[in-house]
Amino acid sequence: MKKDYYEVLGVGRSATKDEIKKAYRKLAVQFHPDKNPDNKDAEEHFKEVNEAYEALSNDDKRRRYDQFGHAGVGSSAASGSGGQYAGASDFSDIFSAVNDMFGGGRSRAGGGAPFGFEEFFGGGGGARKGRASAGIQGTDLKIRLKLTLEEIAKGVDKTLKIKKQVACKECNGSGSKSGATESCKTCNGTGEVRQAQKTMFGQFVNIAACPTCGGEGRIIKDRCTSCYGEGIKLGEVTVKVTVPAGVQDGNYLTLRGQGNTGPRGGAAGDLIVVLEEIPHELFSRNGDDVVYTLAVSFPDLVLGTKVDVPTLDGAVKLTIPPSTQPETMLRIPGYGIGHLRGSSRGDQYVKVNVYVPKDLSHQDKELLKELKKSQGISPDAHNDPHAKSFFEKARDIFS
């Protein structure tokens, strides 16, 4: 999930612009790809640092971020393989926020020749697309869902009530009472502002998000008083989640388009459901098999018996063979957990242990004393320390 922008830059929420810029410069130099070639981790950190700085260095975006979090600035949390920098279609977009290296993030030397970051990443000298877009992508939402072993064994459908950002009903998500917008006069609808700067290398042009429209290219007329022009409000919705059999603790399901709604008509993010397995009071899990520990009396272990044992599908009759040894594992086929990628199920194993009573009557004690005298049940009769081993007997024969 997305990291907090203040945490990414290592500053507090009350940090000044100068403190934010100072922290950004330090991290941008540390993780810049020029200094970390072929380092994917550094590349991802560099993206995060630039994304955080672009949001927190802009007064309007910072206000929206402080109020609505990532939903307010259109950042979408990554799900799966690292995600993508919000709003970036290539590296040249990412570096548009870098304003302290080579005279600017996306810099043009006089005459239109590519220089600095675009030269390194192949940004080229072609015309750049504007930032303006219809709405802002909503953020992903992560929740945790607890499941019993019985639910995991067969799969289950869950209906959940979740709180998330939804479209404002007063303005239908537009952020405007009348739904009217106009092109931003500061950036002429491009969502960007450019500032020329002369250096010893020539003239450079710094490109940054428009401070008036926050990079959207349009200004809202008659801001909605219910959502303060954001087009989203905190609400509650009902979501149905289908959990297949065989999932494990820590697995997650991604529901596309069920996350937070984007500001001003932006598409919704995803809902990520992280699964948690509730420990069972009777069974332990081993992959798709379950294990149950059964205590059996000594006479039943010796003579054999039939007992009812619990399973995930109810009680079943289990045969304990005569002379069963403690710690023996007896198998009940097909009573385990359903396979995640198949229609069959695992097995249940019953671990047999001998039951040792704590309180005995006088009569029971006398019976045990008599039984103890029997040579048939005495371990000494089967483990005579004075008995000769096979090698000792063989030595006596040939000596």
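## Aromatic pairs, sheets, cores and cysteines

In this predicted model, the count of aromatic pairs comes to four. The rings of Tyr-24 and Tyr-53 make up a stacked pair, because their planes stand at 10° to each other, under the 30 degrees that stacking requires, and the centres of these two rings are 3.9 Å apart. This pair links distant parts of the chain, since Tyr-24 belongs to helix 2 (residues 17-31) and Tyr-53 to helix 3 (residues 40-56), with their positions 29 residues apart in the numbering. Both Tyr-24 and Tyr-53 are buried. Another aromatic pair, formed by Phe-283 and Tyr-292, is tilted, with 5.8 Å from centre to centre and 55° between the planes. Ring pairs also link Tyr-5, Tyr-6 and Tyr-65 into a cluster.

The tilted pair leads to the sheet in which its two residues are found. Four strands form this open sheet, in the order 10-11-15-14 and with mixed pairing. Its edges are strand 10 (283-286) and strand 14 (328-332), each of which pairs on one side only. On average, and with direction ignored, neighbouring strands of the sheet are turned by 30° against each other. In general, the strands of a sheet pair through backbone hydrogen bonds, and they may do so in a parallel or an antiparallel manner.

Strand 10 runs antiparallel to strand 11 (residues 289-296), and four bridges join the two. Together they form a hairpin with two residues between the strands, and Gly-287, which lies in the turn, has a positive phi of about 70°. Phe-283 has Tyr-292 in strand 11 as its bridge partner, and these are the residues whose rings make the tilted pair. On its other pairing, strand 11 goes with strand 15 (residues 348-354) in the parallel sense, over seven bridges. There the bridge partner of Tyr-292 is Val-350, in strand 15, while Phe-283 is the residue bridged to Tyr-292 from strand 10.

How buried or exposed are the residues named so far, and those still to come? The table lists relative accessible areas for five of them.

| Residue | Relative accessible area | Class |
|---|---|---|
| Cys-168 | 2% | buried |
| Cys-171 | 5% | buried |
| Phe-283 | 6% | buried |
| Tyr-292 | 14% | buried |
| Gly-179 | 42% | partly exposed |

Phe-283 counts as buried because its 6% is under the 20% limit, and Tyr-292, at 14%, is buried by that limit as well. Gly-179 is partly exposed, because its 42% falls between the limits of 20% and 50%. This glycine lies in the loop between strand 2 (156-167) and strand 3 (181-183). Gly-179 and Asp-222 are 43 residues apart in sequence, and their C-alpha atoms are 8.2 Å apart in space.

A further open sheet has three strands in the order 1-9-8, again with mixed pairing. Strand 1 (141-147) and strand 8 (252-255) are its edge strands, each pairing on one side only. Neighbouring strands of this sheet are turned by 25° against each other on average, direction ignored. Strand 8 pairs with strand 9 (residues 271-277) in the antiparallel sense over four bridges, and the bridge partner of Leu-253 in strand 9 is Val-273.

Val-273 also has a place in the largest nonpolar core, which holds 36 residues and in which Val-243 and Val-273 touch the most other members. Leaving aside residues up to four places away in sequence, Val-273 touches Ile-143, Leu-145, Val-241, Asn-251, Tyr-252, Leu-253 and Leu-255. Apart from this core lies another, of 21 residues, among them Tyr-6, Val-8, Val-11 and Ala-42. In soluble globular proteins, nonpolar side chains tend to be buried together.

What does a search for disulfides find? Over the whole structure, the search finds zero disulfides. Cys-168 is in no disulfide, and the nearest cysteine sulfur, that of Cys-171, is 3.8 Å away. For Cys-171 the closest cysteine sulfur is in Cys-227, at 3.7 Å, which is too far for a bond because a disulfide needs the sulfur atoms within 2.5 Å. Cys-168, at 2% relative accessibility, counts as buried, and Cys-171 is buried with a relative accessible area of 5%.

Note on methods:
Residues are numbered from 1 along each chain as its sequence is written. This is a predicted model: local features need pLDDT of at least 70, side-chain atom pairs count only at pLDDT 80 or more; totals for chains, interfaces and linings use all residues. Side-chain values use heavy atoms; hydrogens and water are left out. Two strands pair if DSSP finds at least two bridges between them. Axes are lines fitted to C-alpha atoms, for helices over the stretch in contact, and angles run from 0 to 180 degrees between N-to-C directions. A nonpolar core is a set of buried Ala, Val, Leu, Ile, Met, Phe, Trp, Tyr and Cys residues joined through side-chain atoms within 4.5 Å. Buried means under 20% relative accessible area, exposed over 50%, partly exposed in between (1.4 Å probe, protein chains only). Contact means heavy atoms within 4.5 Å. Rings of Phe, Tyr and Trp (its six-membered ring) pair if their centres lie within 6.5 Å; planes under 30 degrees apart count as stacked, over 60 as edge-to-face and the rest as tilted.
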